[in-house]
Amino acid sequence: EWPLRPGYQNEQEIGAVFSKMFGKGDIKREEVFITGKLWNTFHRPEEVEVTCDVTLSDLQLDYLDLYLIHWPVSLQPGMGLIPMDENKVSMLDSKAPTFAETWGALEKLVESGKCKNIGLSNFNIAQVGFAVVLWNVYF
């Protein structure tokens, strides 16, 4: 059992609805564009595929149409959804990867067929501009 569900923590419930909806055959999976988000505590490259696999399992899907890096900040993994220190300040990942390292792990998801497209969410123009020159493009 995965100790912490990524992001909004509602993917299991949504997966049950998808299973029912697609199982009836009224709507085909290919007719629905589904986006997932990589949560802040899972930016380390070795955690990206594992986290995507949890999302796919919870959503009862074989692939995502789009997988986004949710926020441009890496939080300390293994300490809850939003890890806080004793002063109630968010704890940044002490071993935070670069955007390029996280993106490289996302590119592998595209290559494996787990995601059709990858992208960014909540990044400002400077962060996007810096990052784009480093990556292959799967937008």
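## Packing of helix 2

The buried residues of helix 2 pack against four elements: helix 1 (11-24), strand 1 (35-38), strand 2 (66-69) and helix 3 (99-112). The model described here is predicted. The residues of helix 2 that count as buried are V48, T51, C52, V54, T55, L56, D58 and L59.

Helix 2 comprises 15 residues, 45-59. At 1.5 Å a residue it should span 21 Å, and because its end C-alpha atoms lie 22 Å apart, the expected and computed values agree. Just after helix 2, Q60 adopts a positive phi of about 60°.

## Overall architecture

The chain contains four helices and three strands. Read from the N terminus, these elements follow the order α-β-α-β-α-β-α.

Of the 139 residues in the chain, 42% count as buried. Among contacts between residues at least 6 apart in sequence, 71% join residues at least 24 apart. The area exposed by the chain is about 7900 Å², of which carbon and sulfur atoms supply 56%.

## The loop between strand 2 and helix 3: H70

H70 is located in the loop between strand 2 and helix 3. Is H70 buried or exposed? Its relative accessible area is 3%, and H70 is therefore buried, since the cut-off for this class is under 20%.

Neighbours within four places in sequence being left aside, H70 is in contact with Y8, K37, L38, W39, N40, S121 and N122. Two of these partners, K37 and L38, fall within the residue range of strand 1 (35-38). In addition, the side chains of H70 and W71 are joined by a polar contact of 3.3 Å.

## The loop between strand 2 and helix 3: V73 and the surface patch

V73 is also found in the loop between strand 2 and helix 3. With a relative accessibility of 31%, V73 counts as partly exposed, because that class lies between the cut-offs of 20% and 50%. H70, in this loop, is by contrast buried at 3%.

Which residues make the nonpolar surface patch of about 270 Å²? The patch is made by W71, V73 and L92. W71 thus appears in two settings: as a member of this patch, and as the partner of H70 in the side-chain polar contact of 3.3 Å. For V73, the value of 31% lies over the 30% relative accessible area that patch residues need.

How values were computed: Residues numbered from 1 in each chain as written. Predicted model: local features only at pLDDT ≥ 70, side-chain atom pairs only at ≥ 80, totals over all residues. Heavy atoms only, no water. Helix = DSSP H or I, 4+ residues; strand = E, 2+ residues; numbered from the N terminus. Expected span 1.5 Å × (residues − 1). Buried < 20%, exposed > 50% of the residue type's maximum accessible area, 1.4 Å probe, protein only. Contact = heavy atoms within 4.5 Å. Areas by Shrake-Rupley, 256 points an atom, 1.4 Å probe, with all protein chains shown as cover. Patch = residues over 30% accessible without salt bridge, like charges linked within 9 Å, V, L, I, M, F, W, Y side chains within 5 Å. Salt bridge = Lys/Arg side-chain N within 4 Å of Asp/Glu carboxyl O. Polar contact = N/O pair within 3.5 Å; in protein donor to acceptor, adjacent residues only side chain to side chain.
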